[in-house]
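Subject: Structure for you to look over

Dear colleague,

I am handing over the structure we talked about, with the sequence alongside, and I would be grateful if you could read my notes below with the model open beside them.

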Amino acid sequence: MKIHLKIGFIGVGNLAQTVIKGLIENKVVEAKSIFGSNRSDGKLQKIADLYGINACATNEEVVDKADVIVIATKPQDLAGAIEPIASVFTEKQMLISLAAGVTLRQLRKKLPQCRIVRLMPNTPSLISRGVIGFVMNEEDPGLQTIVEDLFEPLGYVLKVEDEEKFEALMVSCSAGTGFIFELMMYWQEWIEERGFDPDTARKMTVETFLGASMLASQQKEASLEDLLLKVSSKKGVTAAGLQSMRELEIERALRYSFEKAALRNQELAKET
Ligand SMILES: NC(=O)c1ccc[n+]([C@@H]2O[C@H](COP(=O)([O-])OP(=O)(O)OC[C@H]3O[C@@H](n4cnc5c(N)ncnc54)[C@H](OP(=O)(O)O)[C@@H]3O)[C@@H](O)[C@H]2O)c1
């Protein structure tokens, strides 16, 4: 086992279950060192039976038992989960918050005694192909290693220096996953309009995105521009399409969407 600490999860919903599964299957943490609590009992018992983790009757019990506490509720439930038990946390404990929109400053205010990390996995983490960004209050190499070891089973783990970069990561990789699906829908629709059945059109679309991504992933020495040049010859078919994409300022439209998403993230942070 890589980590010999006790890990607690407050909230064992979709994301927490993915993390727990990754930790156990990849032998990062033993099931008996994992503790969980949840608002509704049924879900917790199911997870405990499935993975052999410890089911705790209360959130307080999780904090009591664990060294690292992952708060995996939705952002709007975070305050209700932590505030009543804030005094139970000790200065030795580490808190990892998965809640979007709850800043380090807000977390520090609630739990001034703990070492705190904000972490954001994107949805492909569910299939171990995620981008998982995290940010901490201050340099803490010990805590950084723990976070990297815990979340590596979900994909590419990346520490960013500040919350501005954390927001950029959320917009480009978490919201970005949604933007990619939107583009894929345009692809599929266009293919279907040319007489392909939906299943074939979907497969053609998915394989095109996957193939391009895998090529870029494998040919690490090539920049994305190099790869683009390789598929487009002067006055060719691809070049004609690209020229039109540029005339229509697709980049500007996308940048605008990124900025809009960032603004919404800031609004949500205020509301939370
Ligand atoms: N799923 C993803 O792909 C993903 C990706 C990136 C980030 N995230 C972030 O991860 C967090 C969790 O998302 P999720 O999709 O896993 O949500 P989810 O499936 O709704 O899980 C949240 C869990 O928290 C439990 N909960 C709520 N209040 C609680 C309390 N006071 N005490 C104990 N447990 C409580 C809920 O219990 P009930 O059973 O009663 O509902 C639920 O099981 C969110 O902040 C989200 O933004 C998720």
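The side chain of Q93 reaches the backbone oxygen of V63, at a distance of 2.6 Å. Q93 itself sits in the loop between α4 and β5, and since its relative accessibility is 6%, under the 20% cut-off, Q93 counts as buried. Please keep in mind while reading that this is a predicted model, so that every value in this message is computed from predicted coordinates.

Directly after that loop residue comes the strand I looked at most carefully, β5, which covers residues 94-97. M94 and I96 point one way from β5, while L95 and S97 point the other way, and all of these residues are buried. On one side, β5 pairs with β4 (residues 68-71) in the parallel sense over 4 bridges, and there L95 is the bridge partner of I69. β5 also pairs with β6 (residues 115-121), again in the parallel sense and over 4 bridges, with R118 of β6 as the bridge partner of S97.

Both of these pairings come with a helical connection. Helix α4, residues 75-82, joins β4 and β5 in a right-handed β-α-β unit, and helix α5, residues 104-110, does the corresponding job between β5 and β6, where the unit is right-handed as well.

The wider sheet is open and has 8 strands, in the order β3-β2-β1-β4-β5-β6-β7-β8, and its pairing is mixed. Its edge strands are β3 (54-55) and β8 (155-159), each of which pairs on one side only. Elsewhere in the sheet, β1 (residues 7-10) and β2 pair in the parallel sense over 4 bridges, and in that pairing I7 of β1 has I34 in β2 as its bridge partner.

I then went through the charged side chains, for which the count comes to 15 salt bridges. As a general point, side chains of opposite charge can pair when their charged atoms come close. One of the salt bridges joins D77 and R39, with N to O at 3.5 Å. This pair links distant parts of the chain, with D77 in helix α4 and R39 in the loop between β2 (34-37) and α2 (41-51), 38 residues apart. The two partners differ in how they are covered: D77 is partly exposed, with a relative accessible area of 25%, whereas R39 is exposed, with a relative accessible area of 74%.

A second salt bridge runs between E83 and K110, whose closest N and O atoms are 2.9 Å apart. It too links distant parts of the chain, in this case E83 in the loop between α4 and β5 and K110 in helix α5, 27 residues apart. Both residues count as partly exposed, E83 at 46% relative accessibility and K110 at 23%. A further salt bridge is formed by E161 and K165, with the closest N and O atoms 2.4 Å apart; here E161 is exposed, with a relative accessible area of 54%, and K165 is partly exposed at 43% relative accessibility. Finally, K2, D149 and E152 are linked in a network of salt bridges.

The last part concerns the ligand, which has 23 residues around it, and of these L15, N38, S40, K43 and P121 come nearest. Oxygen atoms of the ligand lie 2.8 Å from an N or O atom in the side chain of N38, 2.9 Å from one in the side chain of R39, and 2.6 Å from one in the side chain of S40. Taken alone, the ligand exposes 900 Å², and the protein buries 83% of that. R39 therefore appears twice in these notes, as a partner of D77 in a salt bridge and as a contact of the ligand, and its 74% relative accessible area makes it exposed by the over 50% cut-off.

L15, one of the residues nearest to the ligand, lies in helix α1 (residues 14-25) and is partly exposed, with a relative accessible area of 25%. The C-alpha atoms of L15 and L126 are separated by 7.4 Å, although these residues are 111 residues apart along the chain.

With best wishes

Technical notes. Residues numbered from 1 in each chain as written. Predicted model: local features only at pLDDT ≥ 70, side-chain atom pairs only at ≥ 80, totals over all residues. Heavy atoms only, no water. Buried < 20%, exposed > 50% of the residue type's maximum accessible area, 1.4 Å probe, protein only. Helix = DSSP H or I, 4+ residues; strand = E, 2+ residues; numbered from the N terminus. Pairing = 2+ DSSP bridges. Right-handed = clockwise from strand over helix to strand, strands pointing away. Salt bridge = Lys/Arg side-chain N within 4 Å of Asp/Glu carboxyl O. Near = heavy atom within 4 Å. Polar contact = N/O pair within 3.5 Å; in protein donor to acceptor, adjacent residues only side chain to side chain. Areas by Shrake-Rupley, 256 points an atom, 1.4 Å probe, with all protein chains shown as cover.
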